[in-house]
Amino acid sequence: MVQLILVSGYPSSGKTYRSNQLVDFFESKIKAATEPHIRRLSVTRINDQTLGLQRDVYREARSEKDARAAEYSAVKRDLGRDTIVIADGLNYIKGFRYQLYCEAKAVQTPSCVVHIGTPIDKCKDINTDLLTDPDREGGYPTDIFENLVYRYEEPNGMTRWDSPLFTVAYDDSAPPCDAIWNALIGSEGELKKVKPNLATVMKPVAESDYLYELDKITQEIVAAIITWQKDHGGELGGQVTFGDTAVELPASPVTLPQLQRIRRQFISLNRQHNLAKPRIHGSFIEYLNTNFG
């Protein structure tokens, strides 16, 4: 059984420092445990440093996408072991957190998000200190730092993929380690299991036309959104209705390349699933709303 902790925060907010605190706490709990199923657990931390990524990968869209793919692959690989996985990357895009949430749920493992709530001004001071101190590693080039702060999508505990959500203030001495342990392991030391839903459970593909339907339905929804925007030019946002469900468009127009990128991500996530045809439709609309919200 495995557990996933997603650490999220502004650049130079102290994510690695807090992650190290979590690693120390979890390793001490495992060492002190008497239950065999707890003692066999291990803790692994995944971040840019462990993946050998430089900070300038966040300057260009292509290299940033590759960096996220590297983290995604590493997390997915370790989710198949008796491991507590601490994903200590930026994890600033809610769509990416949703992808990792789906991977965890697919293998029936609990997950949580730890938000490092260091204020922007303090992060900027820390980042400047890191850049100017030759004896310390870290820090983001100023242009990258400003861009990442601008694009940061703060976790929202009201959404299922960001919950349970634990926020660590800058002046907190440590994260709420006991609460995080109880959320993932349980106060009685009983490993928690998560029931996968229809959107995440992995099944052998039985229908020969499944991939065709997956491609066809998602393409039809994308085409409908593009058509709606053409017919409602100049409107801010809007709602594209599909039967009992609807896509809530953002205030700025959504381009076809943006929609196709989201569509490809969704297909990649679900190509091994055997979703019923109506479920493909609803799941893709939900995925679009997650990315637009």
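Of the 41 residues in the largest nonpolar core, which touch the most other members?

## The largest nonpolar core

In this predicted model, Leu-4, Val-247 and Leu-288 touch the most other members of the largest nonpolar core, which has 41 residues. Helix α8, spanning residues 210–231, gives the most to this core and supplies eight residues.

The surroundings of Leu-288 can be listed individually. When neighbours within four places in sequence are left aside, Leu-288 is in contact with Ile-221, Ile-225, Val-247, Leu-259 and Ile-262. Val-247 thus appears both in this contact list and among the residues that touch the most other core members.

## A second core

Separate from the largest core is a second one, made up of 23 residues. Ile-116, Ile-180, Trp-181 and Leu-184 are among the members of this second core.

## Strand β3 and its burial

Strand β3 covers residues 83–87, and because five of its five residues are buried, the strand is largely enclosed by the rest of the structure. Thr-83, Val-85 and Ala-87 point one way from β3, whereas Ile-84 and Ile-86 point the other way. Burial applies to both sets of residues.

## Pairing of β3 with β1 and β2

Strand β1 (residues 3–9) runs parallel to β3 and is joined to it by four bridges. Within this pairing, Leu-4 has Val-85 of β3 as its bridge partner. Leu-4 is also one of the residues that touch the most other members of the largest core.

Strand β2 (residues 42–46) is likewise parallel to β3, with five bridges joining the two. Here, Ile-46 stands opposite Ala-87 in β3.

Notes:
Residues are numbered from 1 along each chain as its sequence is written. This is a predicted model: local features need pLDDT of at least 70, side-chain atom pairs count only at pLDDT 80 or more; totals for chains, interfaces and linings use all residues. Side-chain values use heavy atoms; hydrogens and water are left out. Buried means under 20% relative accessible area, exposed over 50%, partly exposed in between (1.4 Å probe, protein chains only). Two strands pair if DSSP finds at least two bridges between them. A nonpolar core is a set of buried Ala, Val, Leu, Ile, Met, Phe, Trp, Tyr and Cys residues joined through side-chain atoms within 4.5 Å. Contact means heavy atoms within 4.5 Å.
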